[in-house]
Amino acid sequence: MTTTTGSATDPRQGAVVNTAPERPPLQLVPLIALSLGYFLVMLDVTVVTVAVPDIRESLGAGTASLQWIVDGYSTVFAGLLLLGGGLGDRLGHRRMFLWGLAVFTLASIGCGLASSTAVLVAGRLVQGAGAAFLVPASLALLQATYPDRAVRARAIAIWGAVASIAFGAGPVVGGLLISGLDWRAVFWLNLPVGALAVLLTLRHVPAPAARPAAGRMDPAGQILGVLGLVALAGALNEAGSQGWTSPTVLSAAAVGVIALAAFIVVETRLETGLTRNPDGRRPLLRPSLFRRGAFSATALIGLLISLGYYGMLFLSTLYFQQERGYDALRTGLALLPSVCMGLIAAPVFSRIAARTGPYVPMICGLFLGSAGFLGWLLAGSDTAYPVLLFALVATGLGQTMTALSSTAAIIESAPADGAGVASAVFNVSRQVGSAVGVALFGTLTATAGHLTDGLHISAVIAAGAFLTGGVLALFARRKNAALRSS
């Protein structure tokens with residue numbers, strides 16, 4: 001049977017009748033619930049940074065403890081993402097989203113009540129675990145809740161814009177809360193937001209149709225995946241402060257590489273074994289997923305944009321504080337034109353992606369961001385702030401546009417029963433890219449003769465990363481077009 005769309009003439013009245021199917025409306029309440037969860041995760045990446053001096057004074061925390069309070073969150077987040085995505089695919093994404101919200105919110109209570117550094121560090125690690133289960137489930141629920149491509153593009157745009165606002169507002173919100181109350185307020189803020197997200201999810205986010213996973217679970221892959229990713233993320237975080245040749249960094253990196261190599265071997269054998277025994281153990285991550293050209297290219301783009309943007313965001317923060325003498329609040333305000341570009345990128349992305357798909361705005365964002373990084377070559381010790389606005393705006397808009405497009409593309413390129421793991425792979429890629437960018441650019445700046453010299457070298461590398469991403473996006477677009485036409 002053939003279905004036609006378009007316009008037809010009503011023979012009884014001679015009027016033109018529109019027979020095109022109506023696009024489903026964007027349901028806002030489920031989107032608010034899912035966006036609030038991601039808001040919490042992104043806010044706590046940056047809001048704690050400005051609280052470090054007060055935490056040091058209040059708890060008597062040493063340098064190593066303070067580093068774990070800041071970086072331990074992202075280390076556990078990156079390390080458990082793959083496990084969180086796999087459990088979501090098996091046990092249900094709505095269940096994992098709620099569980100992640102509950103863990104994150106309860107850990108925030110522990111952080112707010114912490115009477116010692118050890119308790120606060122433990123609370124931050126548990127927050128990272130909750131985030132790792134929450135984020136992949138959130139993306140998978142977006143895919144299930146908004147199956148229409150154009151509507152999903154709008155949903156992802158809003159979801160990503162909320163996260164961008166949370167990330168950018170973190171230092172400002174933290175500064176205001178600390179100045180008006182104390183450092184514990186940055187954690188108490190999570191309670192009402194988390195509770196509202198749980199309530200809205202229970203009432204308005206339906207559980208996707210069950211897809212029971214055949215076969216048994218993969219404990220070896222789960223252990224190796226967590227060990228490898230935690231060790232690698234920890235090594236990258238420590239490299240920024242201890243240097244790349246530190247015994248701690250080298251040991252952790254070696255453990256991470258060996259564990260991940262073993263993980264690949266185990267997963268490949270399990271996937272191959274399923275062809276002979278469909279009821280055998282299912283791999284946590286199917287290596288065949290990376291044979292999809294569009295998926296692999298998009299995952300690599302996620303690494304490149306985070307390496308370039310977050311590495312330069314770290315350096316630009318140092319530039320405004322150390323080179324220009326700005327305090328934390330003024331630095332946060334100076335960076336707002338970059339970190340809050342989601343407000344502009346979201347509606348632009350949703351309009352373009354609804355007509356062309358995610359790859360056209362991705363390509364535009366990558367080339368715009370590459371040009372924006374070169375604008376940092378004008379930065380000097382006395383450069384007027386308006387001169388830097390192009391660099392700030394172009395890199396922020398390009399990164400956010402690319403991140404939104406990549407999120408939509410990774411969902412499109414993944415199989416329906418692997419949305420959780422696919423989104424986890426993408427987020428792991430972004431976390432690794434961010435850690436590499438901060439560590440690499442920090443090292444370049446430390447070894448350069450002057451901070452601005454390191455800033456300029458890093459800006460060229462960041463521009464090259466985005467340019468490489470643009471070439472990959474062109475390749476991914478062709479691969480995706482061939483896949484959709486076959």
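**Close-up 1. The salt bridge between R124 and D44 in the predicted model.** R124 is buried in this predicted model, with a relative accessible area of 0%, and its partner D44 likewise counts as buried at 0% relative accessibility. R124 forms a salt bridge with D44, in which the closest N and O atoms are 3.7 Å apart. The pair links distant parts of the chain, since R124 belongs to helix α5 (residues 117–145) while D44 belongs to helix α1 (residues 28–46), and the two lie 80 residues apart. The structure holds 1 salt bridge.

**Close-up 2. The largest nonpolar core.** This core contains 138 residues, and the members that touch the most other members are L82, L120, L142, M312, F349 and W376. Helix α11, which covers residues 293–323, gives the most to the core, contributing 15 residues.

**Close-up 3. The surroundings of L142.** When residues up to four places away in sequence are not counted, L142 touches L31, L34, R152, A155, I156 and W159. L142 is also among the residues that touch the most other members of the largest nonpolar core.

**Close-up 4. A nonpolar patch on the surface.** L28, I32 and I158 form this patch, and together they have about 250 Å² of accessible area. I32 lies in helix α1, the helix that also holds D44 of the salt bridge. With a relative accessible area of 42%, I32 is partly exposed, because this value falls between the 20% below which a residue counts as buried and the 50% above which a residue counts as exposed.

Terms used:
Residues numbered from 1 in each chain as written. Predicted model: local features only at pLDDT ≥ 70, side-chain atom pairs only at ≥ 80, totals over all residues. Heavy atoms only, no water. Core = buried A, V, L, I, M, F, W, Y, C linked by side-chain atoms within 4.5 Å. Buried < 20%, exposed > 50% of the residue type's maximum accessible area, 1.4 Å probe, protein only. Helix = DSSP H or I, 4+ residues; strand = E, 2+ residues; numbered from the N terminus. Contact = heavy atoms within 4.5 Å. Salt bridge = Lys/Arg side-chain N within 4 Å of Asp/Glu carboxyl O. Patch = residues over 30% accessible without salt bridge, like charges linked within 9 Å, V, L, I, M, F, W, Y side chains within 5 Å. Areas by Shrake-Rupley, 256 points an atom, 1.4 Å probe, with all protein chains shown as cover.
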